[in-house]
Amino acid sequence: MKLRDRISEKYMGLTKSLKKVAEYTLNNPQDFAIHSAAEIGERVGVSETTIIRFCYALGYSGFSELQKEVRRQIILDGEVNPNQSSLKQYQSSKEGMANRSKFYAKVMERDIINIQQTISRIKEDQFQLAVQKITEASDILISGYRTSFAAAHWLTFALNIVRGNARTYRPATDDLILFVEKMDARSVFIAVTFHRYMKDTLQLAQIAKERGAFVIGLTDTSISPITRYADVTFAVGHGSGDNASTLDLSASLFSFMNALVAAVSISDPDCFHSRVAQYDQLNLKDFFTSGD
């Protein structure tokens, strides 16, 4: 039985305070997917104990079980369905602009909107924490599959320019055990995972978390499965779980990653200037054109 049906069935028998929680649950399921019982209680204006009693009243063993059910229904049964390709939406969302002049401008204007929405959702304290952890990390491990691989590869390349200690997991050539064996509390694991959420990336995040690494999630919505393991999560999508294509979110994803790398470069200027000096000492004239 779905959560909405359970609430409908039990609603009339609930106390006034539990009805208040029930109404909040129906109107704000995403909050239940990512926040603790205490945090939900504070938002609703009731105690944590009341939230737990609400779970019991619906027949759940506790808050954890209810939260898992909310996540399952939002991600699997709702609009964010991992079994449904987002490519159809990618194409259909452009059909209305197809016969207009400056089609490219309309698409790029949507990119600007996505970037602006991403900016509005970033929490300053979480961003600064991510920058601090990356700057202090002994090693930075990054994973992304399918359409996320290009972003993971770019982020690895960029962080190596300013830090020199980043690696991308390449399943075709890397041994999983060797990749994670040195992962510890000094490590940072960055998971780039978007709609359809590859299990391998989530499993790597789980392993990283178990080994004490700091986990950063780059994803499309605040209810993405990576939130189960990430210490901080940055959603560069619309934030509503609307099954948007990763292709449409690439501009905001790369813009955010560029901001992250830029912040890392200025957080430890000595390391950055050392990296610049190393590049300047290399004789690379045979690799590039002279410009003449």
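**Notes on a predicted helix-and-strand model**

1. In this predicted model, the axes of helix 1 (residues 3–10) and helix 2 (residues 16–27) come within 11 Å and cross at roughly 155°. That angle makes helix 1 roughly antiparallel to helix 2, since angles over 145 degrees are counted in that class. The crossing of helix 1 and helix 2 is left-handed. On the side of helix 1 the contact is made by Leu 3, Arg 4 and Ile 7, and on the side of helix 2 by Ala 22, Thr 25 and Leu 26.

2. For the chain as a whole, the model contains 14 helices and 5 strands. Of its 292 residues, 43% are buried. If one takes the contacts between residues at least 6 apart in sequence, 68% of them join residues that are at least 24 apart.

3. Helix 12 deserves a careful look, beginning with its length. The helix runs over residues 199–210, and its 12 residues should span 16 Å at 1.5 Å a residue, which agrees with the 16 Å that separates its end C-alpha atoms. Which residues of helix 12 are buried? They are Thr 201, Leu 202, Leu 204, Ala 205 and Ala 208. Seen down the axis of helix 12, these buried residues fall within an arc of 160°, so they line one face of the helix.

4. The two sides of helix 12 can then be described in turn. The buried residues of this helix pack against strand 1 (139–144), helix 11 (176–180), strand 3 (187–192) and strand 4 (214–219), whereas the face turned away from the buried side carries the exposed residues Lys 199 and Glu 210. After helix 12 comes Gly 212, whose phi is positive, near 90°.

5. Helix 8 (residues 103–121) can be checked for length as well: it has 19 residues and reaches 28 Å from its first C-alpha to its last, which is close to the 27 Å expected at 1.5 Å a residue. Within helix 8, the residues Ala 105, Asn 114 and Thr 118 are buried, and the buried residues of this helix pack against strand 5 (232–235) and helix 13 (246–267).

6. Turning to single residues, Ile 51 lies in helix 5 (residues 48–57). Is Ile 51 buried or exposed? Its relative accessible area is 0%, and Ile 51 is therefore buried, the cut-off for that class being under 20%. Once residues up to four places away in sequence are set aside, Ile 51 touches Val 21, Ala 37, Ile 40, Gly 41, Val 46 and Phe 63. Ile 51 and Val 21 are 30 residues apart in sequence, and their C-alpha atoms are 7.0 Å apart in space.

7. Ala 38, which belongs to helix 4 (residues 37–44), counts as partly exposed because its relative accessibility is 37%, and partly exposed residues are those between the 20% and 50% limits. Ala 38 and Thr 50 are 12 residues apart along the chain, and a distance of 9.6 Å separates their C-alpha atoms.

8. The last residue to consider is Thr 227, which is found in the loop between strand 4 and strand 5. With a relative accessible area of 18%, Thr 227 is buried, since the cut-off is under 20%. Apart from its neighbours within four places in sequence, Thr 227 is in contact with Ile 34, Ser 222 and Thr 233.

Methods: Residues numbered from 1 in each chain as written. Predicted model: local features only at pLDDT ≥ 70, side-chain atom pairs only at ≥ 80, totals over all residues. Heavy atoms only, no water. Helix = DSSP H or I, 4+ residues; strand = E, 2+ residues; numbered from the N terminus. Expected span 1.5 Å × (residues − 1). Buried < 20%, exposed > 50% of the residue type's maximum accessible area, 1.4 Å probe, protein only. Arc of directions from axis to C-beta. Contact = heavy atoms within 4.5 Å. Axes fitted to C-alpha atoms, helices over the stretch in contact; angles between N-to-C directions. Parallel < 35°, antiparallel > 145°, perpendicular 65-115°, else oblique. Left-handed = near helix turned anticlockwise from the far one by under 90°.
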